[in-house]
Structures are given as structure tokens and as C-alpha cells.
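Work through the following exercises with the sequence and the coordinates open beside you. Each task is followed by a solution that proceeds step by step.

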Amino acid sequence: MAIALIPTLAVSAALVAGIGAGAVPVSLAISPTTATLSGQSFQVAADSLEGTGFTQYLAVDSSARGDFPEAVSAIGSAELHNLCQSVVSSLPGIGKVTMLIKAGGGSKPVHADQLIVDTDALEGDATFRNIQIGADAAQLPGDGRAKGPSGAFGQQADSVRIDHLRQTTRSINAATFQLNGLHLTVKKGAQPCF
């Protein structure tokens, strides 16, 4: 039995080493429907985000911690350069702990399809192409991007670019989220992306 495990362990070790070195890309398929949200916010930062098929509307997220107003942003296809994602939590007996994810450095950005982000704070330098502001959220395009309730404020654009992205969110969903060069750490203390 132990001899049979040796090839499997060798392949697993090589795969993990390849992911850590960025030689093997990681692609996660995530359902666009979400389970109950925890309500805890986390940070997302990137040197730049470039996307096509942008829509946005206002909504309310219900979570274990209560209800929160959010701007729901949906991008049909997005690339993020030098992604950083962090969440700071408190664990009994340890105190503050930070889970930090970094990916998409160099010439291999993070790629997402049908990216949907619920945010309450966003900063950066943004450029939109062919933007329409004040659209009925229920009439936004139905090509996999998010739609809001009828009569709610919405906006849409053919493309978006945000440099120096800094964002606080409670939920991210994507049909595919490819994290090239994934590096995850969990450390004591508060060490967020920004």
C-alpha cells in the first residue's frame, strides 16, 4: 500500500511546487449562485484591472452579520495584474490572523470570466469606454453579467480599466477564476493588502 502511494505523493508534490513557482496555473470554477455570506469584509488590490462587458447596480447583501448596501459590479472578462487579496480575522486563543493571497505577477495576470464583486468601497484611476450612467438596472445586458431590480439605478460600459485598484468587498463570484502564480499565506497579526 505504501509503495502504491509513492507515485501519487511525488506527483502531488510536483504539482504543489509548480503552483507555488507559478509554472502551473490554478483555475477555480465558481458557481454564480452564492451560499449565505459571512458578512466579513476583505480587501482586494491590483496594479490594474482590465475588463470587457461592465455593468453595475445598487443592491443589498444579506449575511450572518446583517444586511449591507453594496454596489454590485459585473465584468464579462477581466484580467488583474499583481492581485492581492486579504482577510483579517480573530481566532480564539491566537488573536488577529491574516490570510493573504497573491497572484498574477509578471506577464501572467489573473483571469476571471463572469466576475461579480459586491463592494462598499473602491478607489483607483478608472477609464470607461462607451459608458451609460443611469440605466434601469433590470435592463442591463443579459450576457452573463449581473442585472438588478426594475427601477434601480444602473450603469454599463463596453470596457473598464482601473489602475491602482483598492477595494473592500464581502463577496466575489466568477464562472472561472484563474490564479496564475498563486501564493497563499496565513500569519499571525493584521497584515492586509493595504
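**Exercise 1. The lining of the largest pocket**

Determine which strand gives the largest share of the lining of the largest pocket, and then describe the rest of that lining.

Solution. Step one: in this predicted model, the largest share of the lining of the largest pocket comes from strand 6, which supplies 7 residues. Step two: the lining as a whole counts 22 residues, and those that lie nearest the centre of the pocket are Ser 73, Leu 122, Ile 162, Leu 165 and Gln 167. Step three: the elements that give two or more residues to this lining are strand 2 (42-63), strand 3 (66-81), strand 4 (83-91), strand 6 (110-129) and strand 8 (153-173). Step four: sorted by class, the lining holds 16 nonpolar, 5 polar and 1 charged residues, and the space in the pocket comes to about 310 Å³.

**Exercise 2. The elements in order**

State how many helices and strands the protein has, and give their order from the N terminus.

Solution. Step one: the count gives 1 helix and 10 strands. Step two: read from the N terminus on, the order is α-β-β-β-β-β-β-β-β-β-β. Step three: of the 194 residues in the protein, 38% are buried, where buried stands for a relative accessible area under 20%.

**Exercise 3. Salt bridges of Arg 170**

Find the acidic partners of Arg 170 in salt bridges, and decide whether each residue involved is buried or partly exposed.

Solution. Step one: as a general point, side chains of opposite charge can pair when their charged atoms come close. Step two: Arg 170 forms a salt bridge with Glu 70, and the closest N and O atoms of this pair are 2.8 Å apart. Because Arg 170 belongs to strand 8 and Glu 70 to strand 3, the pair ties together parts that are 100 residues apart in sequence. Step three: Asp 120 also forms a salt bridge with Arg 170, here with the closest N and O atoms 3.1 Å apart. This pair, too, links distant parts of the chain, with Asp 120 in strand 6 and Arg 170 in strand 8, 50 residues apart. Step four: Arg 170 has a relative accessible area of 14% and is therefore buried, and Glu 70, at 3%, likewise counts as buried, whereas Asp 120, at 40%, is partly exposed.

**Exercise 4. The pair of Arg 161 and Glu 50**

Locate the salt bridge between Arg 161 and Glu 50, and say which strands it links.

Solution. Step one: the side chains of Arg 161 and Glu 50 meet in a salt bridge with an N to O distance of 3.2 Å. Step two: Arg 161 stands in strand 8 and Glu 50 in strand 2, so that the pair links distant parts of the chain, 111 residues apart. Step three: the relative accessibility of Arg 161 is 34%, which means that Arg 161 counts as partly exposed, and Glu 50, with 35%, is partly exposed as well. Step four: the protein has 4 salt bridges in total.

**Exercise 5. A nonpolar surface patch**

Name the residues that make the nonpolar surface patch of about 460 Å², and place Phe 153 in its element.

Solution. Step one: Leu 58, Phe 128, Ile 131, Ile 133 and Phe 153 make this patch. Step two: Phe 153 is found in strand 8, and its relative accessible area of 41% makes Phe 153 partly exposed.

**Exercise 6. Positive phi values**

For Gln 114 and Asn 130, give the phi value and the setting of each residue.

Solution. Step one: Gln 114, in strand 6, has a phi near 50°, a positive value in a residue other than glycine. Step two: Gln 114 counts as partly exposed, because its relative accessibility is 37%. Step three: Gln 114 and Asn 173 are 59 residues apart in sequence, while their C-alpha atoms are 7.9 Å apart in space. Step four: Asn 130 has a phi near 55°, again a positive value in a residue other than glycine, and Asn 130 sits in the loop between strand 6 and strand 7 (132-136). Step five: Asn 130 counts as exposed, because its relative accessibility is 61%.

Key: Residues are numbered from 1 along each chain as its sequence is written. This is a predicted model: local features need pLDDT of at least 70, side-chain atom pairs count only at pLDDT 80 or more; totals for chains, interfaces and linings use all residues. Side-chain values use heavy atoms; hydrogens and water are left out. On a 1 Å grid over the protein atoms alone, a cavity is a set of points where a 1.4 Å probe fits but cannot get out, and a pocket is an open set with protein on both sides within 12 Å along at least five of seven lines; lining residues have an atom within 4 Å of a point. Grid points are joined across faces, edges and corners, and a volume is the space filled by probe spheres set on the points. Helices (H or I, at least four residues) and strands (E, at least two) are DSSP runs, numbered from the N terminus. Ala, Val, Leu, Ile, Met, Phe, Trp, Tyr, Cys and Pro count as nonpolar, Asp, Glu, Lys and Arg as charged, and the others, Gly among them, as polar. Patches are made of residues with over 30% relative accessible area and no salt bridge: like charges are joined within 9 Å, nonpolar side chains (Val, Leu, Ile, Met, Phe, Trp, Tyr) within 5 Å. Accessible areas come from the Shrake-Rupley method with a 1.4 Å probe; for residues, only the protein chains shown count as cover. Buried means under 20% relative accessible area, exposed over 50%, partly exposed in between (1.4 Å probe, protein chains only).
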